[in-house]
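Hi,

Here is the structure for you to look over. Please open it first, then read my notes below.

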Amino acid sequence: MPAPDSSSTGSADRGAAPADPDVGGPSPAAGGPEESGRVPELDPAVRAALPALDPDALQQFFARYFDRVYGYVRRLVRSDHLAEDLTQDVFLHVHRSLPNYDPERPLAPWVFTIAANKVRDHWRSRRAQEDRRVVSIDEDIAPMLADEGA
């Protein structure tokens, strides 16, 4: 996929939350920007060129959707690094699936469903479960201190 121009994906843009307060929500079930109609759809001719992986169509798609998908994922996972990884996974999945995309159907619901599923997959993963596990030092040391005091 061709690299977008730097104005659409600058690192300063990715670190900040999207300006639109209706983008994303607390969980994938809450819906993404596609439900509020905030993502303008690509021109039908561009959508028609996507299944053929046309470089110009891919660049327009990437420029239109990258920041929105990143912002959506970032709001769900609350981590810049993780959001970057998951957003990359989303666009890799989309790129691999584009030959099967029906250009007559809207693009935004499909893309944001993939994003929500990638976030869910992450939450279900062993890595995410291990990251959420919190170990208290006090709980680990308390039995040792009780043994020493006895």
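The protein chain exposes about 9000 Å² (Shrake-Rupley method, 1.4 Å probe; for residues, only the protein chains shown count as cover). Carbon and sulfur atoms supply 49% of that area.

This is a predicted model: local features need pLDDT of at least 70, side-chain atom pairs count only at pLDDT 80 or more, and totals for chains, interfaces and linings use all residues. Residues are numbered from 1 along each chain as its sequence is written, and side-chain values use heavy atoms, with hydrogens and water left out.

Overall fold. The protein chain has eight helices and zero strands (DSSP runs numbered from the N terminus; helices are H or I, at least four residues, and strands E, at least two). From the N terminus, the order is α-α-α-α-α-α-α-α. Of the 150 residues, 33% are buried (under 20% relative accessible area, 1.4 Å probe, protein chains only). Take contacts (heavy atoms within 4.5 Å) with a separation of 6 or more: 70% come from residues 24 or more positions apart.

Helix 6. This helix covers residues 107-124, 18 in total. From first C-alpha to last it reaches 26 Å, close to the 26 Å expected at 1.5 Å a residue (1.5 Å times one less than the number of residues). Its buried residues include Leu107, Val111, Phe112, Ile114, Val119 and His122.

Ala52. This residue sits in the loop between helix 3 (44-49) and helix 4 (55-77). Ala52 is exposed (over 50%), with a relative accessible area of 64%. Its C-alpha is 6.2 Å from that of Pro99, 47 residues apart along the chain.

Best wishes
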